Amino acid sequence: MRKVVQSSKPFFALLFSIVIAMMAISPPIAYATEESNESKHYLGTVVNAGHDTGFSENNAISENDPHFGWKLGEFYVNGYTRVTEDKNGTPVFLKTVGDTVTLWFKLEQDITKLNGDETLSINDDANGHDEYFGIEKTDMGRGTLIIRHTDYQNHAGDPVIYTDYLAATASQNAAVEVKLCEEGDYEVALDYELRKNNLDLFGWNPFPSYNDYRIFFRFSVRNGNCMVYPFDVVTGAELTNSSITENGFYLDLAKSRYLNIDIKKEVRKDGAEGLTEDVRFNKPAKDGEKYTDEGIYTITVSNQYTNQTTTKVIYVGTDDVLKAHVATGLSISDVEYQLSMGATVAADGTLIPASEQSLPPAEPTNPNEENDTTTKDEDNHSEQPNSEVSSSDDASKNHMPAGMWLYAGGATLLAAFIGSAIAIAQRKKKRRAKNISRIDSADKADNGGDV
């Protein structure tokens with residue numbers, strides 16, 4: 001008796017070929033680092049600062065200058081949401097939640113063989129000084145980095161000095177983090193001295209020449225938001241726009257030191273219709289200041305760097321009419337009318353009308369203001385950073401990469417192929433079983449029925 005068994009090798013070879021084909025036609029999915037997609041803003045231009053003048057001169061680099069035609073390296077800033085300029089043309093980097101504004105330096109030269117010239121190098125400056133920052137003569141080494149920060153109170157801190165920076169800290173062709181930058185104004189200088197060996201006598205250089213150079217720039221960092229956060233003075237709960245509290249509130253500026261914040265209090269006088277402004281209380285707000293007197297407080301926040309404005313209204317007190325006025329946006333006369341018709345005021349200020357009455361449409365107390373919204377400049381920088389991030393997130397959610405569609409389609413085809421292959425294999429197995437049964441029956445017949 002002879003049994004014929006078909007090999008499964010062709011099936012697995014075909015399956016392997018399909019998998020390889022899918023990998024070949026599907027585009028690779030890139031997992032780029034965050035830095036590769038981040039915006040970078042380059043800062044600073046090198047100038048000839050004379051020689052032994054405290055790096056005070058500001059001379060253009062001419063054709064005969066040994067520094068002509070090449071760069072030592074570059075400074076840049078990343079980790080921001082948007083960059084703009086102040087009235088003096090100084091870059092202002094705006095950061096929002098999650099941003100880490102960082103200053104970097106990338107050295108592009110071998111400091112012992114600048115621009116490939118073995119006679120040109122960074123000199124070890126043993127008695128350099130900086131006139132602008134008021135740094136007395138010191139051993140600056142091979143390049144000195146100087147950074148000074150000025151805070152929101154216009155207090156300039158002492159300059160931070162990194163001597164021998166190009167040799168000890170910087171790394172050729174690699175970006176090195178210089179500083180993480182919080183809000184404030186920054187001044188940065190890189191002072192260094194070049195040595196040019198004009199004559200080489202068996203390793204002796206009797207007539208070297210020296211030149212000082214300087215890369216100097218300024219920039220500022222500001223929060224790009226336009227928000228202030230009121231908190232209940234007793235519970236500590238954050239109060240949103242149109243909130244009501246009997247306890248009073250305090251303001252948290254969230255360390256946004258450069259926002260313009262004003263607060264106005266309005267009170268309802270007995271017998272008067274509408275609100276009467278208390279002119280004794282219309283002033284700039286202070287971080288952490290408490291407001292516990294009864295009244296309607298209008299908080300206005302503006303950001304001069306984004307031209308955004310946000311307004312919040314908080315009511316402190318227990319007057320049902322003012323509660324409803326703040327919570328619903330109805331005028332005081334409309335609120336009083338609803339109450340006269342049997343409406344009641346809930347704890348959160350919402351009106352519960354009598355069953356047969358309906359509320360008139362709500363209108364803002366001041367039609368020229370929109371509470372808790374942002375006024376945008378119609379010129380440059382019209383979009384808020386948070387809006388850009390939201391739009392990007394929505395787009396990423398609604399758009400699947402092409403490679404993913406190919407993988408999904410390929411997986412479906414592969415599953416269908418495997419299912420068909422299994423079904424075919426089962427049918428072939430049943431046929432072989434029937435053939436074996438027939439062969440056994442024939443053998444029995446040939447042997448006269450003997451087993």
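# Briefing on a predicted protein model

In helix H5 (residues 332-340), the residues Ile332, Val335 and Gln338 are buried. These residues span an arc of only 125° around the axis, which places them on the same side of H5. The model is predicted. In total, the protein has seven helices and 24 strands, and buried residues account for 34% of its 451 residues.

**Helices H4 and H5**

- The buried residues of H5 pack against two elements, helix H4 (320-328) and strand S24 (351-352).
- Glycine 342, just after H5, adopts a positive phi of about 105°.
- H4 is largely enclosed by the rest of the structure, because seven of its nine residues are buried.
- The buried residues in H4 are Val321, Leu322, Lys323, Ala324, His325, Val326 and Thr328. Lysine 323 and histidine 325 are thus listed among the buried residues alongside Val321 and Leu322.
- The cover over the buried residues of H4 includes the strands S16, S21 (295-303), S22 (308-316), S23 (344-345) and S24, together with helix H5.

**Nonpolar cores**

- The largest nonpolar core comprises 33 residues, and those with the most contacts inside it are Phe75, Leu166, Leu190 and Phe219.
- Eight elements need naming here, as each gives two or more residues to this core: strands S3 (73-78), S6 (102-107), S7 (120-122), S10 (144-150), S12 (175-180), S13 (184-197) and S14 (208-223), and helix H3 (165-168).
- Another core lies apart from it and has 17 residues, among them Val228, Phe281, Tyr297 and Val301.
- Leaving aside residues up to four places away in sequence, phenylalanine 75 touches His41, Tyr42, Leu43, Leu103, Trp104, Phe105, Leu145, Val178, Val188, Leu190, Ile215 and Phe217.
- In soluble globular proteins, nonpolar side chains tend to be buried together.

**A three-stranded sheet**

- Three strands make up an open sheet in the order S15-S17-S20, with antiparallel pairing.
- Strand S15 (229-232) and strand S20 (290-291) are the edge strands, each pairing on one side only.
- Four bridges join S15 to strand S17 (residues 249-252) in the antiparallel sense.
- Tyrosine 229 has aspartate 252, in S17, as its bridge partner.
- Strands of a sheet pair through backbone hydrogen bonds, in either a parallel or an antiparallel manner.

**Threonine 240**

- Threonine 240 is located in the loop between S15 and strand S16 (243-245).
- Its relative accessibility is 47%, so threonine 240 counts as partly exposed; the upper limit of that class is 50%.
- Threonine 240 and tyrosine 229 are separated by 11 residues in sequence, and their C-alpha atoms lie 8.0 Å apart.
- With residues up to four places away in sequence excluded, threonine 240 touches Val313 and Ile314.

**Positive phi outside glycine**

- Phenylalanine 55 is not a glycine, yet it has a positive phi of about 55°.
- Phenylalanine 55 sits in the loop between strand S2 (45-48) and S3, and it is buried, with a relative accessible area of 4%.
- Aspartate 164 likewise has a positive phi of about 55° although it is not a glycine.
- The loop between strand S11 (160-162) and H3 holds aspartate 164, which counts as partly exposed at 22% relative accessibility.

**Cysteines**

- A disulfide is a covalent bond between the sulfur atoms of two cysteines.
- The disulfide count for this model is zero.
- Cysteine 181 is buried, with a relative accessible area of 2%.
- Cysteine 226 is also buried, with a relative accessible area of 4%.

**Overall contacts and surface**

- Of the contacts between residues at least 6 apart in sequence, 63% join residues at least 24 apart.
- The accessible surface of the protein is about 26700 Å², and 50% of it belongs to carbon and sulfur atoms.

How values were computed:
Residues numbered from 1 in each chain as written. Predicted model: local features only at pLDDT ≥ 70, side-chain atom pairs only at ≥ 80, totals over all residues. Heavy atoms only, no water. Pairing = 2+ DSSP bridges. Disulfide = S-S within 2.5 Å. Buried < 20%, exposed > 50% of the residue type's maximum accessible area, 1.4 Å probe, protein only. Arc of directions from axis to C-beta. Contact = heavy atoms within 4.5 Å. Areas by Shrake-Rupley, 256 points an atom, 1.4 Å probe, with all protein chains shown as cover. Core = buried A, V, L, I, M, F, W, Y, C linked by side-chain atoms within 4.5 Å.
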